[in-house]
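Colleague: Could we go through this model together, taking the overall fold, the packing of helices and the pairing of strands in turn?

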Amino acid sequence: MRVSTNTIYDAGVASINKQQASLLEIQQQVASGKRVVTPSDDPIAASRALQVDQALAINEQYAVNRKSAQGVLGLVEAGIGQAADIVQNVRHRVIEAGNGAYSATEMRTIAVDIRSLLSEMIGIANSTDGEGHHLFAGFQSNVRPFNDSPAGVQYAGDDGQRLIQVSASRQMPISESGAETFMRIRQGNGTFVLSANAANTGSGTHDLGSVRDPSLLTGDDYRIDFTVAGTVTTFDVVNVTTATTVLAAQPYVEGGAIQFDGIQVAISGQPANGDSFDIVPSTNQSVFATLDNLATLLETTSDTALGRTQRTNGLTEALGNVDQALEQLLVKRAGIGARLREVDDLQNVGEDLGLQYQLTLSGLRDLDYAQAVSDLTRQQALLEAAQQSFLRISQLSLFNYL
């Protein structure tokens with residue numbers, strides 16, 4: 001086999017180029033700290049790393065969303081908490097107004113305070129987040145949801161809840177419907193409303209009533225009619241819806257329980273002949289209307305015996321409505337708290353998942369420096385050997401020996 005000079009030169013140059021390319025590759029790895037600098041270094045690892053990179057980026061975006069959700073939910077929770085504090089304050093004022101020693105003037109003073117609290121409540125219901133979006137407007141976040149008018153506070157929002165993606169499988173509501181929070185609150189004891197007829201002339205007062213047996217409730221309207229003959233007072237319970245008498249000529253015992261169709265109520269004082277009390281199923285009433293009606297009651301109260309009786313009954317009804325509003329707000333606040341806890345849990349899971357992605361990427365791309373330095377030293381020796389070998393071979397000539 002004949003080996004020409006050109007063959008020797010070409011083989012030597014090719015060997016040097018190959019060793020230089022290998023050395024450059026290792027130098028790039030050491031400089032970048034990555035084992036996979038280009039996809040050609042390890043196509044399978046590069047493909048897998050791309051998938052993990054994308055998953056990591058999505059997980060980081062979920063983390064950003066969760067931070068945003070925490071911020072908005074924190075504002076919603078704070079707003080509902082402030083509203084609950086106002087209702088609790090109103091409740092104290094209702095109990096204070098029940099002091100029999102207070103005059104009409106003092107009642108009007110309390111009414112002024114309640115109207116101030118009402119204005120504060122409207123302001124809270126119109127709260128916004130840092131971007132100017134209303135927290136209690138549903139989807140209509142750019143619309144002022146609550147507006148005071150001669151007809152009362154009106155709601156301009158909707159029942160929607162703005163959602164944000166906080167994980168791959170969870171969209172979390174970050175707003176609340178103002179209608180559900182402030183407007184749709186059950187009256188009375190939450191099941192029915194017991195009230196005194198406005199034409200009553202006696203001193204009869206009532207409690208809130210309670211449900212004795214839910215299975216017996218009919219949802220009908222009832223009326224308790226009193227008859228006074230001499231020193232004997234009796235009452236009838238009439239089902240107004242069906243026009244039937246449920247109880248007839250029952251002896252009245254002051255403060256005694258009156259029970260029928262799963263309902264239990266108590267009447268105190270001395271009802272006059274012809275006095276009546278109405279029982280109707282609860283309907284929705286806004287917290288704003290509750291506060292406004294309470295203030296109106298205290299503004300129009302009188303110091304007569306009849307006026308005090310009407311005020312006592314009105315305060316009993318107002319206390320029931322206030323308690324229902326407070327319960328509604330506390331339930332809403334508890335729901336927001338549960339969502340905040342869920343976001344915290346998801347954040348912890350997301351951080352653990354992000355760490356796992358980082359470890360996976362490290363295993364796919366990161367360089368083993370000890371191995372790389374060893375390979376670099378070895379490759380430098382190989383390149384020097386190739387260079388020295390080529391140098392010696394390139395100097396071979398017969399003329400050197402002549």
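Modeller: Before we come to hairpins, a definition is needed: two strands count as paired if DSSP finds at least two bridges between them. Please keep in mind that this is a predicted model.

Colleague: With that in hand, how many residues lie between β10 and β11 in their hairpin?

Modeller: Strand β10 pairs with strand β11 (residues 244-251) in the antiparallel sense over 5 bridges, and Thr234 has Pro251 of β11 as its bridge partner. In the turn of this hairpin, Ala243 has a positive phi of about 60°. The number of residues between β10 and β11 is 4.

Colleague: And which residue in the turn between β9 and β10 has a positive phi?

Modeller: Strand β9 (residues 222-229) and strand β10 (residues 232-239) run antiparallel and are joined by 8 bridges, with Arg223 standing opposite Val238 in β10. Their hairpin has 2 residues between the strands, and the residue in the turn with a positive phi, of about 70°, is Gly230.

Colleague: Is Ala249 buried or exposed?

Modeller: Ala249 belongs to strand β11, and its phi is near 50°, a positive value in a residue other than glycine. Most residues other than glycine have a negative phi. Since exposed means over 50% relative accessible area, the value of 53% for Ala249 makes this residue exposed.

Colleague: Where is Asp261 found?

Modeller: Asp261 likewise is a residue other than glycine with a positive phi, in this case near 45°. With a relative accessible area of 25%, Asp261 is partly exposed. Its place is the loop between β12 (257-260) and β13 (263-268).

Colleague: Turning to the helices, is α3 roughly parallel or roughly antiparallel to α5?

Modeller: The axes of helix α3 (residues 104-125) and helix α5 (residues 287-299) come within 8 Å and cross at roughly 165°. Because angles over 145 degrees count as roughly antiparallel, the orientation of α3 relative to α5 is roughly antiparallel.

Colleague: How many nonpolar residues does the contact of α3 with α5 have?

Modeller: In this left-handed crossing of α3 past α5, the contact includes Met107, Ile110 and Leu118 of α3 and Phe288, Leu291 and Leu298 of α5. Charged residues take part too, among them Arg108 and Arg115 of α3 and Asp292 and Glu299 of α5. By class, the contact has 4 charged residues, 1 polar residue and, for the class you asked about, 15 nonpolar residues.

Colleague: Finally, what percentage of the residues of the protein chain count as buried?

Modeller: The secondary structure of the chain comes to 7 helices and 15 strands. Among contacts between residues at least 6 apart in sequence, 66% join residues at least 24 apart. Of the 402 residues of the chain, the share that counts as buried is 39%.

Conventions. Residues numbered from 1 in each chain as written. Predicted model: local features only at pLDDT ≥ 70, side-chain atom pairs only at ≥ 80, totals over all residues. Heavy atoms only, no water. Axes fitted to C-alpha atoms, helices over the stretch in contact; angles between N-to-C directions. Parallel < 35°, antiparallel > 145°, perpendicular 65-115°, else oblique. Left-handed = near helix turned anticlockwise from the far one by under 90°. Contact = heavy atoms within 4.5 Å. Nonpolar A, V, L, I, M, F, W, Y, C, P; charged D, E, K, R; others polar. Buried < 20%, exposed > 50% of the residue type's maximum accessible area, 1.4 Å probe, protein only.
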